[in-house]
Amino acid sequence: MKIEQITSGTYTPTENCQYVITQSGDYTFVLEKENLATEIVCIAKSTDIELAIEVIHKASNTRSNIKVSETVTSNKAVFTGKVIIEATAQGGQAEIAHKVLALGKGFTAVSKPTLELKTQNAQVTHKALITPVDPKELAYLQSRGLSSKEAQTLILEGFYEESLNSIKDATIRDRVKKAYEL
Amino acid sequence: MQSFSKGVTEQTVLEISRLKQEPGWMTEFRLAAFRTFQQLTTPSHIPQLANLNLEDITYYVVPEQTKKRTWEEVPADIKATFDKLGIPKAEQEILAGVETQVDSNVLYESLNKELEQQGVVFLDTDTALEEFPDIFREYFGKIVPPQNNKFAALNSAMWSGGSFVYIPKGIQVTRPLQAFFRINARKLGQFERTLIVLEEDSYVHYIEGCTAPTYSESALHAGVGEIVVKKGARAKYTTIQNWSKNVFNLSTKRAVVYKNASMEWTDGNIGSGVTMKYPTCELLEQGAHGEMLSVAYAGKQQALETGANMLHKAPNTTSTIVSKCLVKDGGSSTFKGSITISENATQSKGSLKCDGLILDDKSYYASYPTIKSSEQTGQVQQETSAGKLEETKLAYLQSRGLTKPEAEKLLIGAFIEPVITKLPIEYALEFNQLLNTEITK
């Protein structure tokens, strides 16, 4: 599998790929080759970000998976995810998962995961969640001796863990961790 | 039957208002709405809307029949329409009130004595304007202003008929109030206007069902519904829409919901050629609740765009949107909806779920949900799934002795079950009947 950290643009993968995104932009992925699998991992931390990600399934049995994890404090985070399954993409599968953890006041978080299906022989799911830190979780960690800040840091690590661990290239993973002090 | 010439002009607006002998403020309202209508543009994202020629529609028809008070006096062809919908005869007797819209005026209405004694008002909108001018003026056009969209502006300029419901403080209306709408004149535009006001701690369930006989030229139905749900009140609004395939159904419905009050929409869309409809709840005070349960079926040459919007503007408000869309025979169904939690709407929660079921390879489904939050303690979530009936489930049911159509019917029933179970039993049966007829065509 090819693993790449990318910036805005149109990508037409020819082999199974994992793309890592950490900055605003318009990203388009065209899946023209049969049986191709594409994974897109987006990570952002309390920074103004506008992500527009479009995946167009053109060939049969193509798969795509978009995973976006971000926190907001006083910033603006807008995510638009679009999956199109063309009539030619029989057996296409797509998944979008977007989660936002709200840490501060004065933010705006928007999630627009959209889909278009032009064949019945496909399966698409998407889910999105904008949520605060669970006060019970915070209270529990503090009851175990952690300070409020330490507890929050631990919750934050837990929030990003799945996305970070899914990055299959250690160098890219470390770069993202370092950039966001995770 | 006296009809106006076709097309929208300022003269038509003035003439409607004059014929109805309306107060000056309403004439002014209509004229201002007409100017707004001229400024706004028609949405371009639904290609079928291009077939709608607003200049080729008759905007008002004065029916020859006079108002009827009892069921026996209702014309036979209207009764036949009810039969077509499968409404049992016995149901007439238990209905709290029945109001039928034929052409542009409400011709039939009845309100039983029990309701009258409670102070409940259930009238056609035109009569309500005459009899309850103060309540009318306080709310009319305030919840859905003409600026809301082009078709709301058109309705505001041309409205005629519709229902007016007023529930006094503390009154619980135990039986649903029902209104059936119907178009039976060629090219007749329908611009019914519904206004429902619930005073504190009251309850009502308002039901509207639509059916239209088939005719060859396009008809437009651009209704507006405004609902006010005051502190502690609960409103249920159920729509079963079964317009004929040449109808453009472009409705605007909006509710304002106050402290600890609840607004619950249930929406069944099965007919019309083009539908655009996204009822909205504005949750204005603490503890307000909004709910939308929607099912839409789009078959051959149908493009249905349905959904809902929930606007959380106060603390501890909650909302739910559940949408089920089915498509077959080249039909197109789109979900459009949103939940927005504003800053300071603390501890508010919203949940949106939209599912699409594609029953053949010629059809199209899309979903455009949006969730938005600016409040740290707010929580909002969204979930979507789309695809076909699961092969493994079909195979299992067939292995248990069901034929393929039977197995499909069972799974489709399970798919729409969360919405159907919320309907009154007679409507659930009726809707299932309509859906089965459409799907097995």
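Visitor: Is A:S46 buried, exposed or partly exposed?
Guide: This is a predicted model. A:S46 sits in the loop between β5 (37–45) and β6 (49–57) of chain A. Around A:S46, 18 other C-beta atoms lie within 10 Å. Buried needs 20 or more, and exposed needs 12 or fewer, so A:S46 is partly exposed.

Visitor: What is the phi of A:S46?
Guide: A:S46 is not a glycine. Even so, its phi is positive, at about 40°.

Visitor: Where in chain B is B:Q347 found?
Guide: B:Q347 is a residue other than glycine with a positive phi, near 55°. It has 15 C-beta neighbours inside 10 Å, so it counts as partly exposed. Its place is the loop between β21 (332–341) and β22 (349–358) of chain B.

Visitor: Which residues is A:K168 in contact with, leaving aside its neighbours within four places in sequence?
Guide: A:K168 lies in the loop between α2 (148–166) and α3 (170–179) of chain A. It has 14 C-beta neighbours inside 10 Å and counts as partly exposed. With neighbours within four places set aside, its contacts are A:M1, A:I3 and A:Q18.

Visitor: What separates the C-alpha atoms of A:K168 and A:L156?
Guide: Along the chain, A:K168 and A:L156 are 12 residues apart. In space, their C-alpha atoms are separated by 21 Å.

Visitor: Which element gives the most to the side of chain A that touches chain B?
Guide: The contact joins 29 residues of chain A to 29 residues of chain B. On the chain A side, the elements giving two or more residues are β10 (108–117) and β11 (122–132). The top contributor, with 11 residues, is β11(A).

Visitor: How many residues on the side of chain A that touches chain B are charged?
Guide: That side divides into three classes. Nonpolar residues number 13 and polar residues 11. The charged residues number 5.

Visitor: What is the bridge partner of A:E116 in β23(B)?
Guide: β10(A) pairs with strand β23 (residues 364–373) of chain B. The pairing is antiparallel and runs over 6 bridges. In β23(B), A:E116 is bridged to B:A366.

Visitor: How many strands are there in chain B?
Guide: Chain B has 441 residues, and 53% of them are buried. Of its contacts with a separation of 6 or more, 82% join residues 24 or more positions apart. Alongside 11 helices, the strands number 24.

Visitor: How many residues of helix α8 of chain B are buried?
Guide: α8 covers residues 150–158 and is mostly covered. Among its buried residues are B:K150, B:F151 and B:N155. The count is 9 of 9.

Visitor: Which elements do the buried residues of α8(B) pack against?
Guide: The partners are helices and strands of chain B. The helices are α1 (10–19) and α2 (24–39). The strands are β8 (193–198), β11 (224–229) and β13 (247–257).

Visitor: Which element gives the largest share of the side of domain 1 of chain B that touches domain 2?
Guide: Chain B is divided into domain 1 (2–277) and domain 2 (389–441). Their contact takes 13 residues from domain 1 and 12 residues from domain 2. On the domain 1 side, β12 (234–242) and β14 (262–269) give two or more residues. The largest share, 3 residues, comes from β12(B).

Visitor: How many residues on that side of domain 1 of chain B are nonpolar?
Guide: The side that touches domain 2 has 5 polar residues and 1 charged. Its nonpolar residues number 7.

How values were computed: Residues are numbered from 1 along each chain as its sequence is written. Chains are lettered from A and ligands numbered from 1 in the order in which they are written. This is a predicted model: local features need pLDDT of at least 70, side-chain atom pairs count only at pLDDT 80 or more; totals for chains, interfaces and linings use all residues. Helices (H or I, at least four residues) and strands (E, at least two) are DSSP runs, numbered from the N terminus. Two residues are in contact if their C-beta atoms, placed from the backbone, lie within 7 Å. Domain bounds come from an automatic or database domain assignment. Ala, Val, Leu, Ile, Met, Phe, Trp, Tyr, Cys and Pro count as nonpolar, Asp, Glu, Lys and Arg as charged, and the others, Gly among them, as polar. Two strands pair if DSSP finds at least two bridges between them.
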